[in-house]
Amino acid sequence: MATPPPPGIGNFEGGPPLAAPQPPGTDMTGICFRDQLWLNTYPLDRNLVFDYFALSPFYDWTCNNEQLRMRSIHPLDLSQLSKMTGIEYMLNEVMEPHLFVFRKQKRDGPEKVTPMLTYYILDGSIYQAPQLCNVFAARVSRALYYISKAFTTASSKLEKIGYVDSENESEEVKPAKETIDFKEVKRVDRILASLQRKLPPAPPPPPFPEGYVPAPASEAEKGPESQQGELQQPAADPIIDQGPAKRMKF
């Protein structure tokens, strides 16, 4: 297959040099590339797949593979790429003719490479594989959504136990009372209890601010009316359940 003219070289009609194409971005997961005319003309195999990949916007014209193409050397020749340094593409996995996986990496030596991005060709369409951190973020966000939805549903059902909906009484199709499945309620209680046991213990109460001086014991003997306007630091975190309040003994 004929190689397109590299950047900076004049066109075939003797015009001015062609402008160098912009390097591909790091996040191009929202687009794909497919050239049906090329697929109808050439077979998609390991010998010609790199020429097809070079037509896509994911291809970096400054890579070492392009220098090998200009020298009429196969762009995936590892014996030649290992002698160079810089950006290069490697054919990582092949399942002809359906799947081809390219890895973009930076070579600093014959045995020292740093992976950068991954691209794959699936049935003639070229995509950029998402990064692992983005996959984890999407999966965690989806899991949190369904967990939040489950807790919302569970809380709404627990609030309706023993409650008669007055709006349903006026409707003819819907029953006047909502049927409560106590087995489901117990199952939800067990799930909530197991989740509560798995949660870490409550954090300790925050320390007293700098310069705070505890009230002397003599002020505790004052009446409740004189202590209403005074602001005291609580002895424990008010968020933590401290149990039922103590009643005054007469």
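These are my notebook entries on the strands, salt bridges and a surface patch of a predicted model.

**Entry 1, the hairpin.** I began with strand β1, residues 86-95, and strand β2, residues 99-107, which run antiparallel and are joined by 9 bridges. The two strands form a hairpin, and I noted 3 residues between them. To fix the register I looked up Ile87, whose bridge partner in β2 is Lys106.

**Entry 2, a charged pair within the hairpin.** I then turned to the side chains of Arg107 and Glu88, which meet in a salt bridge with a distance of 2.9 Å from N to O. This pair links distant parts of the chain, with Arg107 in strand β2 and Glu88 in strand β1, 19 residues apart. I checked the cover of the two residues, and both Arg107 and Glu88 are buried.

**Entry 3, the loop between the strands.** The structure holds 5 salt bridges, and I next followed the one that Arg46 forms with Glu96, where the closest N and O atoms are 3.3 Å apart. Arg46 lies in the loop between α1 (36-41) and α2 (49-53), while Glu96 lies in the loop between β1 and β2, so the pair ties together parts that are 50 residues apart in sequence. For accessibility I noted that Arg46 has a relative value of 43% and counts as partly exposed, and that Glu96, with a relative accessible area of 42%, is partly exposed as well.

**Entry 4, a pair between helices.** I looked up Arg69 and Asp51, whose side chains meet in a salt bridge at 3.4 Å, N to O. Here too the pair links distant parts of the chain, since Arg69 sits in helix α3 (residues 64-70) and Asp51 in helix α2, 18 residues apart. Arg69 has a relative accessible area of 8%, and because buried means under 20%, I recorded Arg69 as buried; by that cut-off Asp51, at 12% relative accessibility, also counts as buried. I added that Asp51, Glu66 and Arg69 are linked in a network of salt bridges.

**Entry 5, the nonpolar patch.** Last, I looked at the surface, where Val140, Leu144, Ile147, Phe151, Ile191 and Leu195 form a nonpolar patch with about 520 Å² of accessible area together. The elements that give two or more residues to this patch are α5 (132-159) and α7 (182-198), and the largest share, 4 residues, comes from α5. From the patch I singled out Ile191, which lies in helix α7 and is partly exposed, with a relative accessible area of 40%.

Technical notes. Residues are numbered from 1 along each chain as its sequence is written. This is a predicted model: local features need pLDDT of at least 70, side-chain atom pairs count only at pLDDT 80 or more; totals for chains, interfaces and linings use all residues. Side-chain values use heavy atoms; hydrogens and water are left out. Two strands pair if DSSP finds at least two bridges between them. Patches are made of residues with over 30% relative accessible area and no salt bridge: like charges are joined within 9 Å, nonpolar side chains (Val, Leu, Ile, Met, Phe, Trp, Tyr) within 5 Å. Accessible areas come from the Shrake-Rupley method with a 1.4 Å probe; for residues, only the protein chains shown count as cover. Buried means under 20% relative accessible area, exposed over 50%, partly exposed in between (1.4 Å probe, protein chains only).
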